[in-house]
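Reader: I am in my first year and would like to look closely at one part of this model before going on to the rest. Please begin with a small detail and take me through it slowly.

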Amino acid sequence: MIKHFVLSIFIFFGSSIFSADKGQADRAVTLSRVIRVSVLLGLVLFLVSLVSMLVGPSQIGTASLLKIFFSGLFGSEIVLPDMEKTILFSIRLPRIVFAGLVGAALAAAGVVFQGLLRNPLADPYILGISGGSAVGAIIAIISGAGAIPFGTPGLSFLGALATIVLVYGIARSNRELQSNTLLLAGVIVNAFFSAVIMFLVSVSSNTNLHSIMFWLMGDLSLVVGEDIPAIALFMAVGFSVIYLYARHLNLIVMSEETAMQLGVDVEKTKKILFLTASLITAAAVSVSGIIGFVGLIIPHIMRMLLGSDHRLLLPSSLLFGASFLIVADTVARIAMAPAELPVGVITALCGAPYFIYLLRRRGV
Amino acid sequence: MTIIKLSDIGFKYSEDWVLRHVSFEMKKGEFLGIIGPNGSGKTTLLKTIDGIFIPQEGEIRIDGVPGRQLSRMDLARRIAVVPQDTQLIFPFTVEEVVLMGRAPHLGKLRFEGEKDFRIVEQAMKATDTYSLRRRGINALSGGERQSVLIARALAQEPRIMLLDEPTALLDIRHQVAFFDLIKTLNRDRSLTVIAVTHDINLASDYCDRIVLLKSGQIYAQGAPREVIVEKNINEVYGTNVLVDQNPVTGKPRVTLLSSHPSDGGSRSEAGAAPQL
């Protein structure tokens, strides 16, 4: 039953975007098309969340959820056992919202990095943010700071911020950001942090090792319900800033010189976009660990389906990234229940083959 | 009416001057050709006019306004650039690329309206690219892609158009078609055009005036008849050419003289060179 649910969602995903936007992929983007696609993908996100709420080790009937949904609609009292209420609203819902936020952030940051660096291989981690963040998290876990509230995410976020400062410091010359230098700086910083991570892993105890491995593979079980509004606000501000520059991003993808000739203040736009994308990546990584593949493949999938215009690509990637990570996290929760898998395992396991399939069929 | 005025421009990337003491004026609707050997500063000159490079010496005035006082948006509404070629990593369609030309006329969040789509349609029709509008830009031939870039420049509705060796990658049919189109726009819309080119004959046939650059300085400027003479070309390019008259246009025509003529034909001077 559960498997059918998940499967049907996956099928729904693909077919719905294709059919509603059929024959539009080669048309110019208009506001009405952006709204249409966003509403559609928003609906997908809503349905995915609903199904995900029903799925888990303890069975909660579809009837209960429907009851809540309709009583909410008609304003009547909810009559549910406390147990079910707690599981649905204090355990599953926060986690779904959380997965959605992280997925949206990674996908949006992936779009921005691929565009700014004009590199289809770019992802949110390409500038080393994941490495710095991981070092912070591992130090927190080893030192025991992870036990206090905000310990692990706090140190992890600090690590990410330090990396951002470091990488931009290296790449900045004559007050200009050179994309290639930035890319190289990111690669080098990442390599350095990998060594630090390996060192820390090799000297840490067995009990810590399990937490570290989970963190490194991405783990959404760390969420605390009260943190969600803050994370949501942070992401919302980030998404808005990025969307303001969506058209400029189109022009920068052509080439930085073309963008200048078409009226874009390229240096300023690049700085704002790099910084915002880096910050939302840092926020996502510090609360969820390194979840791979979302930030790389979601932008490509959306580009193949909907075209390259960032005014459509950004909102669609954001919404689809959210849905994708919610599905992946649901699978991570139930695949080996009651044990949980790191969600990064799922995203890579289904992401990579699907991506290869798309690549063979259409080419990036 | 003077639309572009350069007074004593000097520009350097680091140590050495790439441009020095460059001064000229252009009237609205003029068609200017910039010629000169590799590394003589042609493209750099174009980029200083477009505000991408800021000259360390001298001043550029566009419409009487110093270039420094114009924002990128101000410049983009006045000047459009057609580059040599464009390579795209992500697949935009032809229509999307031409629509980008409207960017200087739109606010950050405003989508293109009916008027913009109409302008873009006209630009595509004027450049024979309308039938390609749904195609990916990377799926086009070099000549088609170049036409799309002109369409984008037209959609910008500029008063000045800068061409940076626009026909370098085109075959002869497309070269002529390209310059014919630009000339038509130049006449009908009194578009001011500056073209950087290696093809002296095309410059001679189409331009009202020629600027000949040598090592970052203006060696000669004036009508094609005055600038394109054997002495100037031989001296600036350091090679032997024959300049006569194009029988159709009456403009100067340059013939390159090889030092290894294959048949030892009628060119007495070069014929003396040893044959392979």
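Author: In this predicted model, a good place to begin is Asp244(B), which stands opposite Arg253(B) in β12(B). That pair belongs to a hairpin in chain B, where strand β11, residues 241–245, and strand β12, residues 252–256, run antiparallel and are joined over five bridges. Six residues lie between the two strands, and Gly250(B) in this hairpin takes a positive phi near 75°. As a general point to keep in mind when you look at any strand, the side chains of a regular strand alternate between the two faces of the sheet.

If you now move to chain A, you will find a secondary structure of 15 helices and two strands. Of the 364 residues of chain A, 46% count as buried, and among its contacts with a separation of 6 or more, 76% join residues 24 or more positions apart.

The largest nonpolar core has 173 residues, and those with the most contacts inside it are Val102(A), Ala105(A), Ala108(A), Ala283(A) and Val98(B). Helix α4 of chain A, residues 82–116, gives the most to this core, with 15 residues. Leaving aside residues up to four places away in sequence, Val102(A) touches Leu220(A), Ala284(A), Ser288(A), Ile291(A) and Leu325(A).

Ile326(A) is another residue worth following, and it is found in helix α14 of chain A, residues 310–334. Ile326(A) counts as buried because 27 other C-beta atoms lie within 10 Å, where 20 or more are needed. With residues up to four places away in sequence again left out, Ile326(A) touches Val48(A), Ser49(A), Ser52(A), Ile96(A), Ala99(A), Gly100(A) and Gly103(A). Its C-alpha atom is separated by 9.6 Å from that of Val343(A), and the two residues are 17 residues apart along the chain.

Finally, consider helix α13 of chain A, residues 294–306, whose 13 residues reach 17 Å from the first C-alpha to the last, close to the 18 Å expected at 1.5 Å a residue. This helix is mostly covered, since eleven of its 13 residues are buried, and among the buried ones are Val294(A), Leu296(A), Ile297(A), Ile298(A), Ile301(A) and Met302(A), as well as His300(A) and Arg303(A). After α13(A) comes Gly307(A), whose phi is positive, near 100°.

Technical notes:
Residues numbered from 1 in each chain as written. Chains lettered and ligands numbered in written order. Predicted model: local features only at pLDDT ≥ 70, side-chain atom pairs only at ≥ 80, totals over all residues. Pairing = 2+ DSSP bridges. Helix = DSSP H or I, 4+ residues; strand = E, 2+ residues; numbered from the N terminus. Buried ≥ 20, exposed ≤ 12 C-beta atoms within 10 Å, placed from the backbone. Contact = placed C-beta atoms within 7 Å. Core = buried A, V, L, I, M, F, W, Y, C linked by C-beta atoms within 7 Å. Expected span 1.5 Å × (residues − 1).
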